[in-house]
Amino acid sequence: MMTKSPKNSIQTPSMPKLSFKNLQIREKICRGKYSVYRAECNYTGQSYAVKVFPYKDYRISPYYTNEKKLLGYQHPNIAFPILSLDKKECKSTADGIQYPSSLICYEYLPHQTLFELIISNDV
């Protein structure tokens, strides 16, 4: 069953509110329809997964809009989405040009991807 988590459940009074401004991208961890990067918080060193949804025809991706609906909900079988940003200029690794994109930050699960798990026959 999916449950709504309390606001700021990952925050403590002594640490600044998590935002994309205090996340540093470290490496690309998944390449599919949308790229996912491992990012670290500048204050805590904690890792997060950041999924990038490039705009399509100068509009927010409908996939982003759909995934953003999960923000604040928890389920034991999915990564917990923590925060989102509707528009940010992101530099493409392919051509170095800035493109508008939407971002969702998830808890980081440092194991296999779902595809790797399925093909390893551990499912």
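## Ser 47, salt bridges and cysteines

Leaving out residues up to four places away in sequence, Ser 47 touches Arg 38, Ala 39, Glu 40 and Tyr 108. This is a predicted model, by the way. Ser 47 sits in strand β4, which covers residues 47-54, and its side chain makes a polar contact of 3.1 Å with that of Arg 38.

Arg 38 has charged company too. Its side chain pairs with Glu 40 in a salt bridge. With 14% relative accessibility, Arg 38 counts as buried, while Glu 40 is partly exposed at 22%. Through shared partners, salt bridges join Arg 26, Glu 27, Arg 38 and Glu 40 into one network.

The salt bridge count comes to five. Here are some of them:

| Pair | Closest N to O distance |
|---|---|
| Glu 40 and Arg 38 | 3.0 Å |
| Glu 67 and Lys 51 | 2.7 Å |
| Asp 86 and Lys 68 | 2.9 Å |

Take Glu 67 and Lys 51, which form a salt bridge. Glu 67 belongs to helix α1 (residues 62-68) and Lys 51 to strand β4, so the pair ties together parts 16 residues apart in sequence. Lys 51 is buried, with a relative accessible area of 18%.

Asp 86 and Lys 68 form a salt bridge as well. That one links strand β6 (residues 81-91), home of Asp 86, with Lys 68 in helix α1, 18 residues apart. Asp 86 is partly exposed at 34% relative accessible area, and Lys 68 is partly exposed at 30%.

What about disulfides? The structure holds zero of them. For Cys 105, the nearest cysteine sulfur is that of Cys 41, 9.3 Å away. Cys 105 is buried, with a relative accessible area of 0%, and Cys 90 is buried at 15%.

Methods. Residues numbered from 1 in each chain as written. Predicted model: local features only at pLDDT ≥ 70, side-chain atom pairs only at ≥ 80, totals over all residues. Heavy atoms only, no water. Disulfide = S-S within 2.5 Å. Buried < 20%, exposed > 50% of the residue type's maximum accessible area, 1.4 Å probe, protein only. Helix = DSSP H or I, 4+ residues; strand = E, 2+ residues; numbered from the N terminus. Polar contact = N/O pair within 3.5 Å; in protein donor to acceptor, adjacent residues only side chain to side chain. Contact = heavy atoms within 4.5 Å. Salt bridge = Lys/Arg side-chain N within 4 Å of Asp/Glu carboxyl O.
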